[in-house]
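Here are some friendly notes to read alongside the model. Please keep the viewer open as you go through them.

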Amino acid sequence: MQKFFKFVVAAVIGLSLTVLPAQASFRDVAPGSWYEGAVTELAQAGAITGYPDGTFRPNQAITAAEFVTITARLAGLSPTQGQTAHWAAGHMQAALEAGWYDWDEIPPTGERFGQPIARQLAVKILMNALLPSARGDYNTESAKIKDFAALDGRYYEAVLAAYASGVVHGDNNGNFLPLGTLTRAEACTLFRNIGRIQTNQPSTPAPEPSQTVPEPVRTRQGGVSENGWLQVVGTQLCNEAGSPIALRGMSSHGIQWYGQFTSSKAIANTADYGANLFRVAMYTGEGGYLSQPEAVKAKVIAAVDAAIENDLYVIIDWHILSDGNPMAHVNEAVAFFREMARRYQDTPNVLYEICNEPNGNVSWIGDVRPYAQRAIAAIREQSPKAVILVGSPTWSQDIHLAAADPLEGENLMYTLHFYAGTHGANLRQRVDDALARGLPIFVSEWGTSRADGSGGVFLEESKVWLDFLDERGISWCNWSLCDKNETSAALRPGVSPESSWRQEDLTESGRFVFSRFTP
């Protein structure tokens with residue numbers, strides 16, 4: 001491997017991070033994992049370093065700037081004068097001038113530097129830079145790629161050459177996933193394969209992460225006094241000390257209808273059963289915030305303060321439903337979140353869910369993403385490190401769209417909503433695929449019923465879901481803490497929010513959910 005690494009002693013995957021001494025192991029690279037060998041080889045050679053907290057974050061998507069810069073250093077390509085002040089501009093300009101990619105793929109003006117790089121483009125850059133003379137027979141190599149039809153024609157030559165050379169092997173189902181993102185772990189595997197080819201060693205296929213059963217995540221419990229400010233490390237929610245944490249609790253129903261169950265006593269009752277999270281569902285339509293902003297906002301503040309009094313983490317939820325496109329009221333959302341973030345800027349309890357369930361004729365790229373950028377900016381003006389939860393189209397189920405084009409920024413997570421009587425294995429597979437692409441997932445709403453709140457209770461299906469979430473360290477909020485006459489409600493009709501709740505006060509759903517707050 002010496003020839004391969006002679007140019008890369010200083011290369012790092014996270015160039016914007018503090019550079020640490022090279023290390024051969026990281027606390028989030030599990031022994032025996034499919035990527036351990038590649039990460040270890042590159043780390044031992046000094047080609048990569050980890051984050052200051054000792055993690056490598058293997059499932060985090062690698063950006064265009066990071067991938068191109070590492071490739072440039074592997075190739076010994078010196079930076080030239082860039083067109084922006086971005087840290088990678090010099091290497092990006094040099095790579096562009098060398099013909100590794102075209103202007104429209106990664107404009108030198110920098111707007112795409114920080115975005116995850118697509119797999120087909122990454123392979124084109126890698127092959128142009130490090131194996132420019134490699135070729136692959138169309139008929140032979142395209143037959144190896146099950147999803148070849150999804151590949152853009154401009155990438156045929158590079159991808160076919162990569163398959164013929166053994167740089168790329170595809171996943172266990174024979175797919176290349178050309179439009180998908182590339183994780184840090186996958187990038188290490190590609191770089192290692194290139195090195196082995198250059199030194200006449202056989203390359204080895206790496207299983208696609210989405211086909212790998214993840215290692216169970218051991219998470220902490222406890223409230224804010226024990227865990228402090230939350231942070232997102234890779235795909236995992238962690239406490240202030242960097243230890244994985246799982247939040248589990250209840251969501252209110254619409255506070256314009258069932259606000260009595262967001263009282264201090266009701267929230268204390270929930271905490272007494274072991275919850276460390278409460279979600280305040282502030283409907284924007286349906287007679288909610290947009291109809292009576294001051295009255296509803298006062299209810300939100302009272303509920304948040306009650307959760308804080310009870311040492312819970314609390315989600316302020318901009319609960320869009322009938323107004324399915326978040327851009328419809330983006331100005332109101334920006335003003336609301338700016339005010340809430342200013343009010344709670346020094347309070348580690350508060351998380352912000354900026355769009356509950358985008359739905360209808362709504363797209364990620366055209367509607368949700370630009371809305372999120374504005375809402376996040378408003379929150380960050382006041383609260384630089386609070387965790388922000390972002391929804392996706394189709395009632396926060398299209399997390400694959402967010403995984404293919406995630407937002408830039410720290411401490412962002414993406415919400416998934418499911419109902420056990422409606423959603424099953426296909427949606428769980430979507431979660432694993434998104435995690436493998438480096439997308440942090442937070443289940444801010446789920447129910448034991450069908451998606452309409454009725455039917456069931458589907459306890460076996462709910463257990464499968466919660467076991468799945470617990471194994472992956474994913475936090476969740478159940479719908480809903482109210483006495484409405486529907487199967488998803490946790491309380492029996494007529495139960496007082498001001499009394500201490502006994503088991504007989506809980507519905508079948510409520511008894512099951514409350515029993516799962518703690519392991």
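The points below go from the barrel to its strands and helices, and then to a loop residue and a helix pair.

1. A word on the source first: this is a predicted model, so please read each point below as a description of that prediction.

2. The strands to look for are 3-4-5-6-7-8-9-10, which form a closed barrel of 8 strands with parallel pairing. From one strand to the next, the twist averages 30 degrees.

3. A good place to begin is strand 9, which covers residues 441–447. Is strand 9 mostly covered or mostly open? It is mostly covered, with 7 of its 7 residues buried.

4. On one side, strand 9 runs parallel to strand 8 (residues 412–419), and 5 bridges join the two. If you want a pair to click on, Tyr419 stands opposite Gly447 in strand 9. Between these two strands the chain passes through helix 17 (residues 425–436), giving a right-handed β-α-β crossover.

5. Strand 9 also pairs with strand 10 (residues 476–481); these run parallel and are joined by 2 bridges. Here Trp446 has Asn478 in strand 10 as its bridge partner. Helix 18 (residues 459–471) belongs to this part too: together with strand 9 and strand 10, helix 18 makes a right-handed β-α-β unit.

6. Elsewhere in the barrel, strand 6 (residues 350–353) and strand 7 (residues 388–390) run parallel, with 2 bridges between them. Glu353 is bridged to Leu389 in strand 7. Helix 17, for its part, packs on the sheet and touches both strand 8 and strand 9. The direction of helix 17 makes about 170 degrees with that of strand 8.

7. Now for a loop residue. Ser383 sits in the loop between helix 14 (364–382) and strand 7. Why does Ser383 count as buried? Its relative accessible area is 1%, and buried means under 20%. Leaving aside residues up to four places away in sequence, Ser383 touches Ala341 and Gln345.

8. Last, a helix pair. The axes of helix 3 (residues 64–75) and helix 5 (residues 119–130) come within 10 Å and cross at roughly 15 degrees. Because angles under 35 degrees count as roughly parallel, helix 3 is roughly parallel to helix 5. The crossing of helix 3 past helix 5 is right-handed. In the contact, Phe67, Val68, Thr71, Leu74 and Ala75 of helix 3 meet Ala122, Ile125, Leu126, Ala129 and Leu130 of helix 5.

Technical notes:
Residues are numbered from 1 along each chain as its sequence is written. This is a predicted model: local features need pLDDT of at least 70, side-chain atom pairs count only at pLDDT 80 or more; totals for chains, interfaces and linings use all residues. Side-chain values use heavy atoms; hydrogens and water are left out. Buried means under 20% relative accessible area, exposed over 50%, partly exposed in between (1.4 Å probe, protein chains only). Helices (H or I, at least four residues) and strands (E, at least two) are DSSP runs, numbered from the N terminus. Two strands pair if DSSP finds at least two bridges between them. A crossover is right-handed if, with the strands pointing away from the viewer, the path from the first strand over the helix to the second runs clockwise. Axes are lines fitted to C-alpha atoms, for helices over the stretch in contact, and angles run from 0 to 180 degrees between N-to-C directions. Contact means heavy atoms within 4.5 Å. Angles under 35 degrees count as roughly parallel, over 145 as roughly antiparallel, 65 to 115 as roughly perpendicular and the rest as oblique. A crossing is left-handed if the near helix is turned anticlockwise from the far one by less than a right angle, and right-handed if clockwise.
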